[in-house]
Amino acid sequence: MKQKEYALVKQISMEDHVYQQESVASLFDHMSKTYGIANYMCSFGFIERWRHACIQYLPTKSLQGHGVDLMSGGGELWDSIAKKMTDQGSLTAIDLSNEMNQKAIQNKQKHKFPIQLLDEDVLNPQLIKPNSLEFIVSSFGLKTFSIDQQQQLASNINRWLKPGGSFSFIEMTTPTSRLLKFLYMFYLRYVISFGGWLFTGDKSSYSMLGKYILLFGQGDHFLQALQKEGLVLTKHRLFFGCATCYSGYKKDL
Ligand SMILES: C[S@@+](CC[C@H](N)C(=O)[O-])C[C@H]1O[C@@H](n2cnc3c(N)ncnc32)[C@H](O)[C@@H]1O
């Protein structure tokens, strides 16, 4: 990691409150109205393809039984989920931002499959019964977790999945190529904040998102956390590592 990058990571890591649920919830409450369009424009449309890839990488061909969408936001993943969902499938969507959940309530009307919304913290292990889920999916919600919280989440995933149940998580990550990394840093520092300013008049919330992405890095801690839980795992790098999908399943007994 370069010196400038390291300084930023060190500075933000010391501000422990950025990983507290209240801070994260209020950040997304604040961004909720513009989140969809700002993200789409700032990612040059890639974000939609990446959500679709997240569902495509789920090891199961079709979605049957009950599953969850963690850090579900306004339900941005549901169009992609709908393509794999069968008549036997249902979904619980979990998010702790009130405002994002309000958007999800409106979005829910568009979909035919049953969706239950929970305004909860996904780090709470009591939230869902052990060994009860066929699948777990999640898009772009990992970056606001500290390393310890990533381990806690991995442990919940393992606890909640039925044996043989599958999962797929996607997050924006820093690419390994030097040229791309340079462009990506430029993007994180300037394009996201400019987009935020353009759409909301608020530079700081969107630049905060860039900082979270930088801290999440290439997602190695999350990968190791899933491996530590004994989950069978494949890592998929998308667009030279600008996003990474972690998909796999819990071993059958
Ligand atoms: C970047 S948004 C992603 C939303 C959506 N999945 C998408 O594809 O755009 C991250 C979401 O995670 C939620 N979130 C973050 N930490 C959470 C936690 N501990 N429990 C539940 N939701 C959380 C935030 O409120 C926010 O809505």
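These questions and answers cover a predicted model of a protein chain with a ligand. Local features need pLDDT of at least 70, side-chain atom pairs count only at pLDDT 80 or more, and totals for chains, interfaces and linings use all residues. Residues are numbered from 1 along each chain as its sequence is written, and side-chain values use heavy atoms, with hydrogens and water left out.

Visitor: How many residues surround the ligand?
Guide: A residue counts if one of its heavy atoms lies within 4 Å of the ligand. The closest are Y35, R51, D95, D121 and S139. The full count is 21.

Visitor: Which ligand atom lies 2.7 Å from a polar side-chain atom of D121?
Guide: A polar contact is a pair of N or O atoms within 3.5 Å. R51 places a polar side-chain atom 2.8 Å from a ligand oxygen atom. For D95, a side-chain N or O atom is 2.7 Å from an oxygen atom of the ligand. D121 instead pairs with a nitrogen atom.

Visitor: How many residues of the shell around the ligand are nonpolar?
Guide: Nonpolar covers Ala, Val, Leu, Ile, Met, Phe, Trp, Tyr, Cys and Pro; Asp, Glu, Lys and Arg are charged, and the others, Gly among them, polar. Six shell residues are polar and six charged. The nonpolar ones number nine.

Visitor: What radius of gyration does the protein chain have?
Guide: The radius is taken over C-alpha atoms, and the globule rule is 2.2 Å times the number of residues to the power 0.38. With 253 residues, a compact globule would come near 18 Å. The chain agrees with that, at 17 Å.

Technical notes
Polar contact = N/O pair within 3.5 Å; in protein donor to acceptor, adjacent residues only side chain to side chain.
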